[in-house]
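Here is a short briefing to read alongside the model, grouped by topic. Keep the 3D view open and follow along.

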Amino acid sequence: MTELDGTPAGADQLRALALTNYGHFSTLRVEDGRVRGLALHLERLARDCRAVFGTDLDTDRVRDLVRRAVPAPPGGPLVVRVTVYDPELDLGRPAAPATPRVLVTTRPAGPPGPPPLRLRTLTHVRDRPAVKHVALFGVLHARRAAQLQGADDALFTDRDGRVTEGPTWNVGFVDAADRVVWPEGEALPGVTMALLRGLHAHTTAPVTPAEALGMRAAFVSNAAVGVREVASVDGTPLATGHPVVAALRSAYRDLPGDPL
């Protein structure tokens, strides 16, 4: 399903998104017509619309457009991406008043319980880290580099050598006190991370790659997969099957979500 403002999107309408790569989005997982953290996703879209286009977004309308694109339950889980962009954006005058529109795309959600990730640390800081924008070249190039080195994905470190995030997820660690440690630094404030903060004792602190390897366990989080374990960082194994990570995954899956 690919709809722009509730109607099938054509090539002309998608051309600007392909050629200018200017806009923002949020990814939701829809199960039985419900979304975990729906209000947080809508808040993000409104906040980023002001940051990217300088205008307000009608989040009630966004919710209606997502509802229209999702089949009525029962049905399999879907990953829904809501992208906000202006098909009339002038590459030479991006400061001109914008009329952002809403593109809703859907795909089947992946299977539950994907295997633990093997991560490779790479120095990378996303443009405007607090905004979930569509400029994915840098993060995908880093993911590709990590995979060419035999890993599954990249774990970003900033210019000071501190762990921050991954290409499309936040990262958390379990310390010796069984607290979740979220790395301090410039990173996207993830919706799934925000929900997980309410499910277990946590703290935020600087984390270097060496300190990460001293943690009892690690996991990544995003809306598409929820909680996914980390098997290794830079070839050094980390424990999997830790009870804190298992409890987080279970508690997150049990969140009822909000009806569309």
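The largest cavity has a volume of about 30 Å³. This is a predicted model, and the count comes to 1 cavity of 30 Å³ or more. Below you will find the cavity, a pocket, a helix and two residues with a positive phi.

**The cavity**
- Seen along the chain, the residues that line the largest cavity are Leu28, Arg29, Val35, Arg36, His41, Ala223 and Tyr252.
- By residue class, this lining divides into 4 nonpolar, 1 polar and 2 charged.
- Tyr252 is worth a second look, since this residue lines the largest cavity and is also one of the buried residues of helix 7.

**Helix 7**
- Helix 7 takes in residues 243–254, 12 residues in total.
- From its first C-alpha to its last, helix 7 reaches 16 Å, close to the 16 Å expected at 1.5 Å a residue.
- Which residues of helix 7 are buried? They are Val244, Val245, Leu248, Arg249 and Tyr252.
- These buried residues sit on the same side of helix 7, because they cover an arc of only 135 degrees around the axis.
- Turned away from that buried side is a face that carries the exposed residues Pro243 and Asp254.
- The packing partners of the buried residues include four strands' worth of places to click through: strand 9 (170–174), strand 10 (180–183), strand 12 (217–222) and strand 13 (226–233).
- Helix 5 (191–197) is also among the elements that the buried residues of helix 7 pack against.

**The second largest pocket**
- The second largest pocket has a volume of about 170 Å³.
- Its lining includes Asn21, Tyr22 and Gly23, together with Ala51 and Val52.
- Asp127, Arg128, Val131, His133, Val134 and Ala135 also line the second largest pocket.
- The lining residues of this pocket divide into 6 nonpolar, 3 polar and 2 charged.

**Residues with a positive phi**
- Asp32 is not a glycine, yet has a positive phi of about 55 degrees.
- Where does Asp32 lie? Look in the loop between strand 3 (24–31) and strand 4 (34–35).
- Is Asp32 buried or exposed? With a relative accessible area of 53%, Asp32 is exposed.
- Asp234 likewise has a positive phi of about 55 degrees although it is not a glycine.
- You can find Asp234 in the loop between strand 13 and strand 14 (236–237).
- Asp234 counts as partly exposed, at 29% relative accessibility.
- Strand 13, which comes before the loop of Asp234, is also one of the elements packed against by the buried residues of helix 7.

Terms used. Residues are numbered from 1 along each chain as its sequence is written. This is a predicted model: local features need pLDDT of at least 70, side-chain atom pairs count only at pLDDT 80 or more; totals for chains, interfaces and linings use all residues. Side-chain values use heavy atoms; hydrogens and water are left out. On a 1 Å grid over the protein atoms alone, a cavity is a set of points where a 1.4 Å probe fits but cannot get out, and a pocket is an open set with protein on both sides within 12 Å along at least five of seven lines; lining residues have an atom within 4 Å of a point. Grid points are joined across faces, edges and corners, and a volume is the space filled by probe spheres set on the points. Ala, Val, Leu, Ile, Met, Phe, Trp, Tyr, Cys and Pro count as nonpolar, Asp, Glu, Lys and Arg as charged, and the others, Gly among them, as polar. Helices (H or I, at least four residues) and strands (E, at least two) are DSSP runs, numbered from the N terminus. The expected span of a helix is 1.5 Å times one less than its number of residues. Buried means under 20% relative accessible area, exposed over 50%, partly exposed in between (1.4 Å probe, protein chains only). The arc is that of the directions from the helix axis to the C-beta atoms. Contact means heavy atoms within 4.5 Å.
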